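Colleague: Before I plan around this chain, I would like to go through the model with you, one question at a time. Could you show me the sequence and the structure first?

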Amino acid sequence: MSVSKPWKPPMPERITIADAAKHVDEVVEIPGWLYNLRKSGKIVFPILRDGTGLLQCVALKNELPEEVFESLKHLTQESSLIVRGKLRAEARAPGGFEMDISGVEILQRVSEEDPYPITPKEHGVEFLMDHRHLWLRSQRQHAIIRVRHAIIKAVRDYFDGHGFTLVDTPIFTPAACEGTTTLFEANYFDDEKAYLTQSGQLYNEANAMAFGKVYCFGPTFRAEKSKTRRHLTEFWMVEPEMAFADLEEIKRVAEEMVIYVVGRVLESKREELKVLERDVTKLEKVTSPFPRLSYDEAVKNLQQHGSEIQWGSDFGGGDETILTQQFETPIMVDRFPTVIKAFYMAPDPVRPEVALGVDVLAPEGYGEIIGGGQRIHDPELLLRRIEEHNLPKEAFDWYIDLRKYGTVPHGGFGMGIERCVAWICGLEHVRETIAFPRMLYRLRP
RNA sequence: UCCUCAGUAGCUCAAUGGUAGAGCAUUCGGCUGUUAACCGAAGGGUUGUAGGUUCGAAUCCUACCUGAGGAGCCA
């Protein structure tokens, strides 16, 4: 004699929208938020957002209990809910899949008294920045942040795959790297001052002498009152440093890494670049070799193109644009005047008035994304430079030690992640390249 | 820090010295395939703040506040 068990409907599998294609013709449940709702009498089209994508759903009045249909019909933007139903391939739906809703669980209905502020229409920069915590839910911001993720992953994969060890450097530092004017100050217990790092480089050099090839990747802080589309006060920088490397090797690595990163983004983030309306043919041209100019040649070139620049000064705002517009790939400019570079920059042995430094300038007007070069490894010269720059020698004792105990030629570079993201995504401003940008006059949200 | 521009409904904007308006959003009504859906209706305003000019100011003037773009500086 058999006992019949009471029939229970099988619990539908919970999936994400990104996996919808694998579950066509299955009944599933998807938790998410209401992105938008279109309705037409007895049929409503809720569009669900779950962080992995968008899914159009369909609910018919005749096929659902009255209260379920009514609750959907009056649901407000960004209300949180779980939808259940059968997935179907549907050419008319954006994304190509659609769910026939059979059940809905509303987790929270956003009140119409205080509706979601970011509507599907256009908004201004100030409003969006004030609502950055909500703005991140939009398609465009998803695309940018995902490309950023891909860039960071590619950068790490590049260095991890080329014998570099990740050795992160401190955020709190006791003294300035290159001067004290640009640093954020913090109280470090009792009466001591600490500063937020503006570069991991000096510590990177110690790490390179310990491990050979290292990189650090973390946030850096600059208290400069720069108010332009290229500046944040808090930004992320990846900085490789290599023992036994000369300027040519540093340039080779910088070029190879940039090409690798762009390639990886093109390979894995086509959809996101499409959302951003990025002209990918411009990125596809980022191949070896990058044009190499000396500072001397760059100055001559700029003067021919009408710039006021004189030998001995740094590039002005328009200068980088004039230079990069002439090429389709990033360009490398090296051997800047020693006087405009940091104290640790190695002079060219045959021409000490120029330094063995290099900048990589991105095309399309994006400008400097990488700065680096060979560091001074001669102890006498380093001491002299510290004096010339009026830096407190005691603060650099440990740095000078690196030249006393087995000094070797070495160098590296730093790449600003946000500028790199802005370039690859084709953005107007770096403020969209990080979830919560910190800028002059903007600390919130 | 300096220069330029801008602040009008929740949002995006119009109104160029003479009665503050539209689209979106919200609410109500209509519509069974919508694609930033559409159609009809309703509510929604100390025109950034303070002062001044004028019969009359969103509009002209002054100061301040807020924001945006840029310069210098930088990745």
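Modeller: A word on terms before the domains: their bounds come from an automatic or database domain assignment. Please also keep in mind that this is a predicted model.

Colleague: How far apart are the centres of domain 1 and domain 2?

Modeller: Chain A is divided into two parts, with domain 1 covering residues 13-108 and domain 2 covering residues 132-432. Taken over C-alpha atoms, the separation between the centres of domain 1 and domain 2 is 46 Å.

Colleague: In the largest nonpolar core, which residues touch the most other members?

Modeller: The largest nonpolar core holds 70 residues. Apart from it lies another core of 19 residues, which includes I17, V44, A59 and F69. V421 can serve as an example from the largest core, since leaving out residues up to four places away in sequence, V421 touches I144, V147, R148, I151 and T433. The residues of the largest core that touch the most other members are V147, I151, V261, V421 and I424.

Colleague: Is Y295 buried or exposed?

Modeller: Y295 lies in helix α9, which spans residues 295-304. Outside its neighbours within four places in sequence, Y295 is in contact with V333, D334, R335, F336, P337 and V354. A residue needs 20 or more other C-beta atoms within 10 Å to count as buried, and because Y295 has 22 such neighbours inside 10 Å, Y295 is buried.

Colleague: And F436, how exposed is that residue?

Modeller: F436 is placed in the segment after α13 (417-425), and it touches R132 and P445 when residues up to four places away in sequence are not counted. The partly exposed class lies between the limit for exposed, 12 or fewer C-beta atoms within 10 Å, and the limit for buried, 20 or more. Because F436 has 13 other C-beta atoms within 10 Å, F436 is partly exposed.

Colleague: How many residues of strand β17 are buried?

Modeller: In a regular strand the side chains alternate between the two faces of the sheet. In β17, G357, D359 and L361 are buried on one side, while V358, V360 and A362 are buried on the other. For strand β17, residues 357-362, the number buried is therefore six of six.

Colleague: Which residue of β18 stands opposite V360?

Modeller: β17 has an antiparallel partner in strand β14 (residues 331-334), joined by four bridges, and there I331 stands opposite L361. Six bridges join β17 to strand β18 (residues 367-375), again antiparallel. β17 and β18 form a hairpin with four residues between them, and E364 in the turn has a positive phi of about 60°. In β18, the residue opposite V360 is I370.

Colleague: In the open sheet of three strands, which are the edge strands?

Modeller: The order of this open sheet is β8-β10-β9, with antiparallel pairing. β8 and strand β10 (residues 192-196) pair over two bridges, with T173 opposite Y195 in β10. The strands that pair on one side only, and so form the edges, are β8 (172-173) and β9 (185-188).

Colleague: How are helices α11 and α12 oriented, roughly parallel or roughly antiparallel?

Modeller: Helix α11 (residues 379-388) and helix α12 (residues 397-404) pack with their axes 9 Å apart, at an angle of about 155°. Angles over 145 degrees count as roughly antiparallel, which makes the orientation of α11 to α12 roughly antiparallel.

Notes
Residues numbered from 1 in each chain as written. Chains lettered and ligands numbered in written order. Predicted model: local features only at pLDDT ≥ 70, side-chain atom pairs only at ≥ 80, totals over all residues. Core = buried A, V, L, I, M, F, W, Y, C linked by C-beta atoms within 7 Å. Contact = placed C-beta atoms within 7 Å. Axes fitted to C-alpha atoms, helices over the stretch in contact; angles between N-to-C directions. Parallel < 35°, antiparallel > 145°, perpendicular 65-115°, else oblique.
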